[in-house]
Each structure stands twice: as C-alpha cells, then as structure tokens.
Amino acid sequence: MGIVGVLESRKNIAGSACGLVGLGLTFTGVAGPYWPVVVAGLYGAGALLAPPERQPLPDFPDPSAQLSAQLDELRGDFGRLLTYLEGVELPPAAAGRLTELTGLLTALLDPDWSSEVLATDPEGVHALSRAVRQDVPEAVDTFVRTRWWTRLTPGAEPPERHLERQLGLLHEEAERLAVSLREAEARRQETHTRYLEDRA
C-alpha cells in the first residue's frame, strides 16, 4: 500500500479523528502537560478500533457477456457446418429432415431474435452447441462412412434409416428448446404486464 493508500485508509482516518479529539482536550486544558501522550494514545486507539480495509472483489466477467461471446463463436461454427453439409449428398428423405433441422437451428441462432433470451440460458446454449458441433456433423459423417461400407455388403439395413431417425430426434430436441425460449419470452411479457398493472 502506497503513502496515499495509508493516508486514505480507515485506520488512519479513525486515528486522526481521535487525535483531533486529543488536541481538543489539550486546548481545553484537560490533557495538561501530557498532551502529546494523550493525542498519540487516542490516535492509536482510533486506529486499532477502525474496521479493517475491505479487499475489492475480483473482476469476473459478466456471465451473460460470456454466453453472448459463446453464441457468436457458435454462429461461426454453424456457418462452417452449413458449408460442409452443402457438399454432402443425402437421400431425399434425409435431406428434407436435415433442411428442417438446419432451418430451425438457423432461427434459434438468429442474433436479432434469440440472443437476449439465450444470453440468460446456459443450458440452451449448451444444447445448441452440442447439436451444431457434435450431433449433426457426427450423424451425417457416420451415414456417409456407413453408406460406403453398405455398398460393399449389400443386404444390410440401409444407413439412411438411422440418419433420418437421428435427424428427427435432433429436430424434436431443437423444437423443445424453441418452445422453452418462447415460454421464457411469454413469462417476461406477463411480468411486464403485472408490473404495469401494479404501478397503475
């Protein structure tokens, strides 16, 4: 702690206040010839009785700001995923399911509509991140690799059935997230209505 810190400390301020009381006693004649001892003693007593300095809290980043940054990164990854998917040839049924899923994910990641509500929903951000970075690319890539082996061993179960089922399950999960976000916005609207009614 520097000189300025010591001068501005609680102990110095309390000690100085008590020291001024000692000087007041000196001028009124109460302290007598021992006034230096009285002033010093009162200063020391004030410094001892003063509360300790409070350490400042660590400056942690705002959780909502962290989630917003994660969402920005996720949107970039989603753009790369869409580029990858454009180069993959899928059967019509699976391609249709994938289009529905990516359309819903695009809406959920829209910065103009979902950012504010997702910035307070870490579980929702995690679910979207898992879908974009893991589930969708793994489902498509596994299909592509399995389809190649199926061509070598005809008669096996068509891999597109698994892909269609996987994409359907992922779409259901994304729909549940969309419903929960809509409900969160509805609750926010209802809360504002009650606030206005109470104020009126």
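From the N terminus on, the elements of the protein chain in this predicted model run α-α-α-α-α-α-α-α, which corresponds to eight helices and zero strands. Of the 200 residues in the chain, 28% count as buried, and the accessible surface comes to about 13,700 Å², with 60% of this area belonging to carbon and sulfur atoms. Among the contacts in the protein chain with a separation of 6 or more, 74% are accounted for by residues 24 or more positions apart.

The largest nonpolar core comprises 31 residues, and those with the most contacts inside it are Leu105, Leu128, Val136 and Leu163. At least two residues of this core are supplied by each of helix 4 (63-86), helix 5 (92-108), helix 6 (115-118), helix 7 and helix 8, with helix 7 giving the most, namely eight residues. In soluble globular proteins, nonpolar side chains tend to be buried together. When neighbours within four places in sequence are left aside, Leu105 is in contact with Phe78, Leu128, Ala131, Val132, Val136 and Ala174; two of these partners, Leu128 and Val136, are themselves listed with Leu105 among the core residues with the most contacts.

The analysis of internal voids yielded one cavity of 30 Å³ or more, and the volume of the largest cavity is about 60 Å³. The lining of the largest cavity is formed by Leu105, Ala127, Leu128, Ala131, Leu170, Glu173, Ala174 and Leu177. By class, this lining contains seven nonpolar residues, no polar residues and one charged residue, the charged residue being Glu173. Helix 7 (122-152) and helix 8 (159-199) each supply at least two of the lining residues, and helix 8 gives the most, with four residues. Leu105 and Leu128 thus appear in the lining of the cavity as well as among the residues with the most contacts inside the largest nonpolar core, while Ala131 and Ala174, which also line the cavity, are both in contact with Leu105.

A further residue considered here is Ala107, which lies in helix 5. Because its relative accessibility is 45%, which falls between the limits of 20% for buried and 50% for exposed residues, Ala107 counts as partly exposed. The C-alpha atoms of Ala107 and Ala178 are separated by 9.0 Å, although the two residues are 71 residues apart along the chain.

Note on methods: Residues are numbered from 1 along each chain as its sequence is written. This is a predicted model: local features need pLDDT of at least 70, side-chain atom pairs count only at pLDDT 80 or more; totals for chains, interfaces and linings use all residues. Side-chain values use heavy atoms; hydrogens and water are left out. Buried means under 20% relative accessible area, exposed over 50%, partly exposed in between (1.4 Å probe, protein chains only). Contact means heavy atoms within 4.5 Å. Accessible areas come from the Shrake-Rupley method with a 1.4 Å probe; for residues, only the protein chains shown count as cover. On a 1 Å grid over the protein atoms alone, a cavity is a set of points where a 1.4 Å probe fits but cannot get out, and a pocket is an open set with protein on both sides within 12 Å along at least five of seven lines; lining residues have an atom within 4 Å of a point. Grid points are joined across faces, edges and corners, and a volume is the space filled by probe spheres set on the points. A nonpolar core is a set of buried Ala, Val, Leu, Ile, Met, Phe, Trp, Tyr and Cys residues joined through side-chain atoms within 4.5 Å.
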